[in-house]
Amino acid sequence: MRLFMDTANIDEIRRGAALGVVDGVTTNPSLLAKEGVEYRDRVLEIASVVDGPISAECISTELGPLLAEARRVAAWHDSVVVKIPMGEVGLQAIKRLSAEGIRVNTTLIFSANQALLAAKAGAAYVSPFVGRLNDGGQDGLAVIRESVEIFENYDLDCEVLAASIRGARDVTECALAGSHVATLPSAVLFQMMGHPL
Ligand code: E4P
């Protein structure tokens, strides 16, 4: 399973990258807001540290502006994967953007059916929110397991990226469920190295 860091903090990313096990980074507007820096500047800084996909989220809610925003964000750097929220407008955008060769990470995935639709539209990644599903009393891992199985059944060229990870045990369970990638808060990555014994 590939491991991404789910942060926009450059010091944490440098520390993680030095371990040699970080394959990419995911960001979102909330993570950026904590840093007080321009989104593009930080993505370019991350790209100078990590050689792998960097997800940058688009926030426009209508198709035209969303496509324009995604094209602008994708042009920042070859490593950029645009994050598009799941939904009616999002699906239309994914279809168009993937046809243009822009890689898309579909965010806010809460069911295997949403994952199937995003994969059919051409997304490179789908991000089921494991922690938020579990917080609401649902089974986040089931969405990981089912999405992986569906993609395998139909040979869909899309990877399951487990997101909204809350703790180290979630990482083990996502790996057992066959997730292709998991994106980890820095604290979880660093916690994985140690053990009380
Ligand atoms: C990653 O792509 C997501 O934005 C992130 O994992 C969401 O995590 P949260 O549910 O802790 O906000």
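**Exercise 1. Find how strand β5 is joined to its neighbours, and how the chain travels between them.**

Step 1. Start with β5 and β6 (residues 125-128): the two strands run parallel and are joined by three bridges. Strands count as paired if DSSP finds at least two bridges between them. The names follow DSSP runs numbered from the N terminus, with at least four residues (H or I) for a helix and at least two (E) for a strand. For a landmark, look at N105, which stands opposite Y125 in β6.

Step 2. Now trace the chain: it leaves β5, passes through helix α6 (residues 112-121) and arrives at β6 in a right-handed β-α-β crossover. Right-handed here means that, with the strands pointing away from the viewer, the path from the first strand over the helix to the second runs clockwise.

Step 3. Turn to β4 (residues 80-85), which is parallel to β5 and joined to it by four bridges. Here I84 has T106 of β5 as its bridge partner. The chain gets from β4 to β5 through helix α5 (residues 88-99), and this β-α-β crossover is right-handed.

Step 4. Finally, check the cover: of the six residues in β5 (residues 104-109), five are buried. Buried means under 20% relative accessible area, exposed over 50%, and partly exposed in between (1.4 Å probe, protein chains only).

A note before you go on: this is a predicted model, in which local features need pLDDT of at least 70, side-chain atom pairs count only at pLDDT 80 or more, and totals for chains, interfaces and linings use all residues. Residues are numbered from 1 along each chain as its sequence is written, and side-chain values use heavy atoms, with hydrogens and water left out.

**Exercise 2. Describe the surroundings of the ligand.**

Step 1. List the residues around the ligand: D6, T26, N28, K83, F129, R132, A163, S164 and R166. Each has a heavy atom within 4 Å of the ligand.

Step 2. Pick out polar pairs, meaning N or O atoms within 3.5 Å; within protein, one must be able to donate a hydrogen and the other to accept it, and residues adjacent in sequence count only if both atoms are side-chain atoms. The side chain of N28 has an N or O atom 2.9 Å from a ligand oxygen. For K83 the distance to a ligand oxygen is 2.7 Å, and for R132 a polar side-chain atom lies 2.6 Å from one.

Step 3. Add the cover: on its own the ligand has 340 Å² of accessible area, and the protein covers 83% of that (Shrake-Rupley method, 1.4 Å probe; for residues, only the protein chains shown count as cover).

**Exercise 3. Work out what holds the attention of T27's side chain.**

Step 1. Locate T27 in the loop between β2 (24-26) and α2 (29-35). T27 is buried, with a relative accessible area of 0%.

Step 2. Follow the side chain of T27: it makes a polar contact with the side chain of Y39 at 2.7 Å and reaches the backbone oxygen of S55 at 2.6 Å.

**Exercise 4. Compare two residues with positive phi, D155 and S164: is each buried or exposed?**

Step 1. D155, which is not a glycine, has a positive phi of about 55°. D155 sits in the loop between α8 (140-153) and β7 (159-162), and is exposed at 72% relative accessible area.

Step 2. S164 also has a positive phi, near 55°. S164 lies in the loop between β7 and α9 (168-176), and is buried at 10%.
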